[in-house]
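Okay, everyone, thanks for coming. I've got one structure to walk you through today, so let's put it up on the screen.

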Amino acid sequence: MILGDWGTSRLRLFRADGQGGWTRRDGPGIGALEAPAADALREALGDWAGTAPVRLAGMVGARGALHEVPYVDCPADRAAWAAGAARLTLAGQPLTIAAGLAMPPGAAPDVMRGEETQIFGALALDPALAHGRQLIVHPGTHSKWAWLEDGVVRAFRTFFTGELYALLQQSTLTRLPGAASGEAEGFAAGLDRARDRDLLGALFAARAAQLREGRTPGWAKGYLSGLLIGHELAAAGDGAAVTLIGAPGLTDAYARACDHQGRAHRTLDGDACVIAGLELLEESR
């Protein structure tokens with residue numbers, strides 16, 4: 001089979017190699033497409049096209065993408081989520097697209113696509129997560145905090161952290177000339193400043209520190225990252241231990257932020273979780 005996580009920023013495709021492992025291919029995210037999503041998928045599949053059924057999660061199921069799949073309202077367990085998947089064909093190739101999750105009517109509007117697949121995959125990989133109260137965090141373009149009870153996703157919140165950080169890289173805060181060094185030091189300084197809870201005022205310090213304290217653009221980028229992540233952790237308003245799921249670079253940054261705030265944490269690999277989650281769709285048919 002061929003499994004894939006097609007998010008806003010990137011496409012990750014995995015094909016079983018017949019020896020218990022997976023071969024990976026990457027492609028552009030839904031947000032970066034210049035061609036129709038169906039054409040982009042066929043190009044990314046390349047010689048994999050037509051060789052096996054495809055199962056996808058993420059923004060591929062969003063409105064205006066390859067095929068819109070309705071959200072499943074929280075609270076949602078694995079069975080309810082799997083039942084919401086759409087099954088169709090692409091150029092004769094069987095294609096399954098996982099449903100996203102949404103907060104129910106009456107709650108603050110919020111949606112996720114892709115992270116829910118990793119959540120249910122994580123529960124399959126570590127059954128202990130399916131018991132009691134759990135807090136799972138997905139760093140990314142739009143970070144997700146999901147609260148679970150006995151394997152049921154009860155609620156979640158989205159933070160605009162990753163995309164805001166990318167936008168700030170194009171602002172006057174980081175466009176002064178200078179070296180790219182000092183990022184780790186800036187990250188720590190940003191985490192410290194996040195304690196003040198004055199995000200809008202603290203942002204400009206990234207530029208002022210370069211002008212008045214000799215800081216580098218690299219320091220400023222690290223500072224902004226630490227500032228935003230620090231505010232995210234504080235805004236989540238829950239000091240419980242977290243399970244971080246995602247790419248190593250992002251989860252490492254969030255782990256450092258958790259350490260800084262004295263929050264217990266553990267990390268699971270995002271690729272392994274999305275593969276395990278997509279495998280559940282066939283089991284649940």
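So, charges to begin with. This chain carries 27 positive and 32 negative charges, and if you take the mean position of each set, those two points sit 3 Å apart. Keep in mind that we're looking at a predicted model here.

Now, the surface. The accessible area of the chain is about 12900 Å², and carbon and sulfur atoms account for 53% of that. How much of the chain is buried? Of the 285 residues, 49% are.

On to the overall build. You're looking at 10 helices and 14 strands in the chain. Along the principal axes, the C-alpha trace spans about 60 × 40 × 40 Å. What radius of gyration would you want for a compact globule with 285 residues? Near 19 Å, and the chain comes in at 20 Å, so the two agree.

How about contacts along the sequence? Take the ones between residues at least 6 apart in sequence: 63% of those join residues at least 24 apart.

Last stop, helix α8, residues 217-235. Have a look at how long it runs: its 19 residues, at 1.5 Å each, should span 27 Å, and the end C-alpha atoms are indeed 27 Å apart, so that agrees. Is α8 mostly covered or mostly open? Mostly covered, with 16 of its 19 residues buried. Buried here means under 20% relative accessible area. And right after α8 comes Gly237, which takes a positive phi of about 65°.

That's my tour, happy to take questions.

Technical notes
Residues numbered from 1 in each chain as written. Predicted model: local features only at pLDDT ≥ 70, side-chain atom pairs only at ≥ 80, totals over all residues. Heavy atoms only, no water. Helix = DSSP H or I, 4+ residues; strand = E, 2+ residues; numbered from the N terminus. Rg over C-alpha atoms; globule rule 2.2 N^0.38 Å. Buried < 20%, exposed > 50% of the residue type's maximum accessible area, 1.4 Å probe, protein only. Contact = heavy atoms within 4.5 Å. Areas by Shrake-Rupley, 256 points an atom, 1.4 Å probe, with all protein chains shown as cover. Lys, Arg positive; Asp, Glu negative; His and termini not counted. Charge placed at Lys NZ, Arg CZ, Asp CG, Glu CD. Expected span 1.5 Å × (residues − 1).
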